[in-house]
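Thanks for sharing this one. Here are some notes to read alongside the model.

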Amino acid sequence: MAGIEEVVDKKIRSTVSSCEAYFDKVQSRKNLPKSLQETLNSAFAGIPVSSFPQVPGGRVIEIPAETPVSEAVKILSDSKILSAPVINTDHETSLDWRDRYLGIIDYSSIILWVLESAELAAIALSATSATAAGVGAGAVGALGVAALGVTGPVAAAGLAAAAVGAAVAGGVAADRGIGKDAPTAADKLGKDFYQVILQEEPFKSTTVRTILKSFRWAPFLPVSTESSMLSVMLLLSKYRLRNVPVIKAGEPDIKNYITQSAVVQGLEGCKGRDWFDHISALPIADLGLPFMSPSEVVSIESEELILEAFKRMRDNNIGGLPVIEGPNKKIVGNISMRDIRYLLLQPEVFSNFRQLTVKSFATKIATSGEEYGLAVPAITCRPDSTLGSVINSLASRSVHRVYVAAGEENELYGVITLRDVISCFVSEPPNYFENCLGFSVKEMLNR
């Protein structure tokens, strides 16, 4: 147990250290007069969270932990949202949010689970003999992987064995991929596997709770309705949260859901106020933007596989990548985590995800019609653009990042995210969270 705690503590320290390093860099580069920064902090500290505009419809969509994955996909799609808080059905009536909520589920978690399951199924299928084609799903559950002749690491993966059973039950394994290499097996499953993974057992019964345990990206850190917007803005910027749930003391239901996008749109609405006009008129370079050097920006070549793009986002815990071409890294597009929903909503796209390049994927999205929406092109600015123009692009286009392009070829120079913009307006007073919220960042990140 001590070993596990040590690993968790090390991860927490690393996360906190990374957040602090980022914010220290921001504060040292943004070059705002100390008096102006103090005025801004004081102003945001005086705005209660309860005054922030409510979510569309006035109700936060929540998903019970025991909801099947396929149903969760439908809920997110029908509600036109990318994520939702997950209710712990074992403590659904609890008045303590720590017991009531398990975290937040989003499309990224689901698609990573789907892709990992596809990998395991492909490995299992390629490792078995043709006799596996005659084994039903029930036999797999009763006999386990040994009955299928699976050895090595796969033998320890129950999901792999279940995947074989599901594939066989769906009639897709008899002559497709058995005895072949894993990638070929996955490719041959094609659309049938898409049907299996969301409509056959055990995938059909896989719940949101299961996925949340394996693919949790961020802690669940709510604030109260009496908290200040300074707290929210610091959580969204310094501590890299994409959204902050709002609860009311004694009433654990989520009252609101404040995102990075909503805050930047709120800042855009401050045009005409002296403090905003002063800061927004500054060239981004005067605020130290972009905070990353060109070499630090994670990107993807247009001819690389879309699967690699999503893996790269996962590995770097980022929500989007610039698509580039040529030795000068010319910006030709953008791929974001919001685009992954097309892999789930369009079987014909999913079936070919192993061969699909970033360029082909973007083209398919762009020609999918209104049912699935259009791919968002790369939004760019120049190194001499003002902060106000960047905020306007982020707010009016509803995007999460603007790429900084230099030269006549639109060469990748940097990226400015919603987090970066919010960071330009706030700084953290000493011991702020301990004094104002009553708990430390470490305790929050350990949730």
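At what angle do helix 11 and helix 17 pack, and how far apart are their axes? Before the reply, some ground rules: this is a predicted model, where local features need pLDDT of at least 70, side-chain atom pairs count only at pLDDT 80 or more, and totals for chains, interfaces and linings use all residues. Residues are numbered from 1 along each chain as its sequence is written, and side-chain values use heavy atoms, with hydrogens and water left out.

1. Helix 11 (residues 260-268) and helix 17 (residues 387-397) pack at about 125°, their axes 9 Å apart. Axes are lines fitted to C-alpha atoms, for helices over the stretch in contact, and angles run from 0 to 180 degrees between N-to-C directions. Helices (H or I, at least four residues) and strands (E, at least two) are DSSP runs, numbered from the N terminus. The pair is therefore oblique; angles under 35 degrees count as roughly parallel, over 145 as roughly antiparallel, 65 to 115 as roughly perpendicular and the rest as oblique.

2. Who makes that contact (heavy atoms within 4.5 Å)? Helix 11 supplies Val264, Gln265 and Glu268, while helix 17 supplies Ile391, Asn392, Leu394 and Ala395.

3. Beyond helix 17, Ser398 sits in the loop leading to strand 11 (401-406). Ser398 has a positive phi of about 55° although it is not a glycine. At 37% relative accessibility, Ser398 is partly exposed; buried means under 20% relative accessible area, exposed over 50%, and partly exposed in between (1.4 Å probe, protein chains only).

4. Arg240 also merits a look: its phi is positive, about 65°, and it is not a glycine. Arg240 belongs to the loop between helix 10 and strand 5 (243-248), and with a relative accessible area of 33% it is partly exposed. For context, most residues other than glycine have a negative phi, and most peptide bonds are trans.

5. On that last theme, the peptide bond from Leu289 to Pro290 is cis, with omega near -5°. Pro290 is found in the loop between helix 12 (274-280) and strand 7 (300-301).

6. Is Ser228 buried or exposed? Ser228 is buried, at 10% relative accessibility, in the loop between strand 4 (223-224) and helix 10 (229-237). Leaving aside neighbours within four places in sequence, Ser228 is in contact with residues including Phe44, Pro48 and Tyr432.

Notes
Contact = heavy atoms within 4.5 Å.
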